[in-house]
Structure formats: structure tokens, C-alpha cells
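Grab a pencil and keep the viewer open. Here are some exercises to work through, each followed by a solution.

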Amino acid sequence: MSGATGSVPTTGSVAAPASRVAPWAMVWGAVFVCSWGGNQFSPLLLMYEERAHYSSLLVNAFLGVYVLGLAPALLVAGSLSDRHGRKPLMLVGIGAAVVGSGLLALGPLGPGFLAAGRLFSGVTVGIAMAVGNSWVKELSQGRYDPTADTGSGARRASLAFTLGSGIGALVAGGIAQWGPVPEVLPFLVHVCVAAPFALVVWRAPETAVHGGLAGPWWRQLAIPSAGHRRFTRVVVVAAPWIFGSAAIGYGYLPTRLAGATGPWGLVFATAATVVALGVSSAVQPFAKRVHSVSSARGLVTAVAVVTVGIGIVLLAIELQSVWVGLAANVVIGVGMGTALVSSLLEVQRIAGSRDLAGLTGAFYAVAYSGFLAPAVIAAVVGGAGVPVSVVLAVVVGLGVVSWVALLVSSKRYVPEA
């Protein structure tokens, strides 16, 4: 690039020219497109149920199957990037995004392609969350961004996720409702958007240069700070509710309101997703005010809010009301945004200097387990014949239990500043 002032290190002995773009923004964009790939499928569940005639259990399994790719990527990629660098792992993430969307575009050939595509989508989101978020945080401090405050990295990382997820849902849902070949085109668009970010990531400055732990590679997978009581008693308790509430609000709810939405089901599914993620993005710049360094006030507040949101989902299903359903996603969005920022700030304080990416990955692995909620609910409702109102009432009750547990541990095990 013309006007370059020097060079920055990359992997191995190769150097790439510096860019005038802020380093954190380069990685932020990569996290954005990976998040796009992870959530573009959510508003399309109703399409696969109605047009491909897949069962409710199967389409919700599609929503959750990518946890099988996501959880290992979250747990392994972060720790490996602490040892080998952020860049090579993030390049794998971009590659997985392209492969995942390519397989999803082959979905009309059979459900196996959808399952495989969701698996690769899980891998790309897992890498983006564990490696990309840590990279954004590291590029939002010190010589890379001397004007940033201590919370900038967490806010920027969580904003990349929510905006990417929201735009992905908006584009995919819009094409599915009004565009041609809706089972194919949304994913091809994402391939075209994601692929160029391989070059962007290649040009970003490397931050993980200490090499991680000595010895065999598998030793790097250990995450010492994952045993910290603040993590196990506070962060782990709150984490599943972040994406569990989201999956219920904009993944499961649209399939239960199909009778009320009629031919506009895809529009509602898209609107519910965009509302939840848009509100989440909007509240994140203010979420730091709710967070406290001396208590778990941010997470206590967030779990209370998403529990109320799930209660409103139950009301929307009982009333078969689109507007109540959208209101539920507004409330869920507020809780999501607050929980994401507060959780990442907690993780940054807990993690040691050598395992930030590893602990970030562990947090997201627990958080993303919430995406299994719709599949579990559909299995209990469809297989066991339990009324959906009863199942969701039990979920609300579990939310209250988690909220009480957070209150008990709120001011305990606080790491030293």
C-alpha cells in the first residue's frame, strides 16, 4: 500500500506492509464476517421447515449442530493462537467461513450439506470468538491504540459479533423472502464478502509473540485461569443464557408463530433476529456503566433481563402475537448486550497473561451451548408431548435459579486489579 511507513511482523519470516487502517479495525472486520456466517442461517429455519418440509426438530438441530464445530474450535484455537500466533488461526477461520457457506449453498442437494455447512460455520465462529476477540483486545491498547480505554477491546469485540450476526441475518432473510434462489444466494453472497478478509488478516500486526508454554503442543490447551472461582461461579453460570435466550427469541419463536405470520414468516424471523442483535449492539456502548469491578452487577442484571425476555416469548406464543414476539426480542437484546460486555470484562480480569485467548474460548464454548436450547425444547415438546408453555415456564424458572446463584456469588472471588 502506498504511504506505508514500515512493516509489521507476520507468521514465519515473511513481513507484510503496514496499513493506514487502524490495526484493531482490520481484525474487527474479520470477526464481523465470521459472525455473519454463523448467524445467517437463523432466520431461514422457517424456510427449510415450510419449503423443504423438514421437521421442527431437524431444523432446530441444524441451528444447534454447529456447536459441534464451535466448541472444539473455541477450546483449541484460542490456546493454540497463544502459542503460534493469532494470524494463522484467524486465517483458518476465514477459510472455514468460505467452506461453510459453500456447503450451505449446496443445501438443496440434501440435509447432509446443511449439517456439514453448519459444522464449518461453527468452526469459523469459534475461531473468531476465541482468537479474533483476543486479537481485537490486544490491538485496542498500548502502542497499537494508545487513546483506547481499558474496556475498548471488550466493547469492540462484542460489537463485531452482534453487528456481524445482525447483518448476516438481515441479508439472508431479505434474500430468502424477496430474492432469487433463496436456498443458495444468501450463502454465495457471504462467500464473496468473507474471502477478501484473508488478505486483510494477513496484513494485520501479530500480537501473540511470546510463544506460549514450553513443551508439547497439547500443554498449550491447558487454561489455568478456567479454574478460577470467579469464572466457575459467576461467568459460567451466566454464559449459557446469552445465546440460549437469543436462540429461543429469534430461532425458536418464529417457528411457533408460523400461523400468525402466514406468508410473512421469513420477514418476522429476520426482523426478530435483527431486533435482538440490533438492540444488543446499541446497548453495548453503555453496558460498561452497568458493569462493576467489585461485583457481578452487570451479569446479575443481564440474566434477570433475559429471563424476563423468555417469559415474554412464552406470552407471545400463548397469544400468537407478532408484536409481543418482537417486544420479547427487544428485551432479550438488552440482556444479551449487557451480558456480552460484562462477561468479556470479567474474562479479561480473570485471565493470566498467557491464557487470555484460551479463557475467552472457554467462555464462548459455555455461552454457545445455549444454542442447543431450541433443539432440546423441540425434542421435549415433539417427542415427549409436553406443552411448550410448560417447557418455557421451566426455562424461566431455571433463569431465576441462575439469577439467585449470581446474587450469592456477586461480590465473591473478585480478582485483584
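The exercises below look at a predicted model, starting with pairs of helices and moving on to single residues.

**Exercise 1: a first helix pair**

Work out how α5 and α6 are oriented relative to each other.

*Solution.* Start with what you need to know: two packed helices are described by the angle between their axes and the distance between the axes.

Step 1. Find the helices: α5 covers residues 86–105, and α6 covers residues 111–138.

Step 2. Take the two values. The axes come within 7 Å and cross at roughly 155°.

Step 3. Compare the angle with the cut-off. Angles over 145 degrees count as roughly antiparallel, and therefore α5 and α6 are roughly antiparallel to each other.

Step 4. Add the handedness: α5 and α6 make a left-handed crossing.

Step 5. Sort the residues where α5 touches α6, and you get 18 nonpolar, seven polar and four charged.

**Exercise 2: a second helix pair**

Do the same for α10 and α13, and list the residues that meet.

*Solution.* Step 1. Helix α10 runs over residues 229–256 and helix α13 over residues 297–319.

Step 2. Their axes come within 10 Å, with a crossing angle of roughly 20°.

Step 3. Angles under 35 degrees count as roughly parallel, so α10 and α13 are roughly parallel to each other.

Step 4. The crossing of α10 and α13 is left-handed.

Step 5. Now for the contact itself. On the α10 side you'll find Val 234, Val 235, Ala 238, Trp 241, Ser 245, Ile 248, Gly 249, Leu 253 and Arg 256. Across from them, α13 brings Leu 299, Val 303, Val 306, Ile 310, Val 313, Ala 316 and Ile 317.

Step 6. By type, the residues of this contact between α10 and α13 split into 13 nonpolar, two polar and one charged.

**Exercise 3: a serine and its surroundings**

Is Ser 410 buried or exposed, and which residues does Ser 410 touch?

*Solution.* Step 1. Look in the segment after α17 (388–409), where Ser 410 sits.

Step 2. Ser 410 has a relative accessible area of 8%. Buried means under 20%, so Ser 410 is buried.

Step 3. Skip residues up to four places away in sequence, and Ser 410 touches Arg 230, Ser 294, Ser 295, Ala 296, Arg 297 and Val 300.

Step 4. Zoom in on Ala 296: the side chain of Ser 410 reaches its backbone nitrogen at 2.9 Å.

**Exercise 4: a valine in a helix**

Which residues is Val 331 in contact with, leaving aside neighbours within four places in sequence?

*Solution.* Step 1. Val 331 lies in helix α14, residues 322–350.

Step 2. With a relative accessible area of 22%, Val 331 is partly exposed.

Step 3. The contacts of Val 331, with those neighbours left out, are Val 305, Val 308, Gly 309 and Ile 312.

Step 4. Try a C-alpha distance too: Val 331 and Ile 310 are 21 residues apart along the chain, and their C-alpha atoms are separated by 8.8 Å.

**Exercise 5: two backbone angles**

Where do Val 181 and Tyr 413 lie, and what is the phi of Val 181 and of Tyr 413?

*Solution.* Step 1. Val 181 is in the loop between α7 (152–178) and α8 (185–194). Its phi is positive, about 35°, although Val 181 is not a glycine.

Step 2. Tyr 413 is found in the segment after α17. Tyr 413 isn't a glycine either, yet has a positive phi of about 60°.

Step 3. Finish with accessibility: Tyr 413 is partly exposed, at 24% relative accessible area.

Technical notes: Residues numbered from 1 in each chain as written. Predicted model: local features only at pLDDT ≥ 70, side-chain atom pairs only at ≥ 80, totals over all residues. Heavy atoms only, no water. Axes fitted to C-alpha atoms, helices over the stretch in contact; angles between N-to-C directions. Helix = DSSP H or I, 4+ residues; strand = E, 2+ residues; numbered from the N terminus. Parallel < 35°, antiparallel > 145°, perpendicular 65-115°, else oblique. Left-handed = near helix turned anticlockwise from the far one by under 90°. Nonpolar A, V, L, I, M, F, W, Y, C, P; charged D, E, K, R; others polar. Contact = heavy atoms within 4.5 Å. Buried < 20%, exposed > 50% of the residue type's maximum accessible area, 1.4 Å probe, protein only. Polar contact = N/O pair within 3.5 Å; in protein donor to acceptor, adjacent residues only side chain to side chain.
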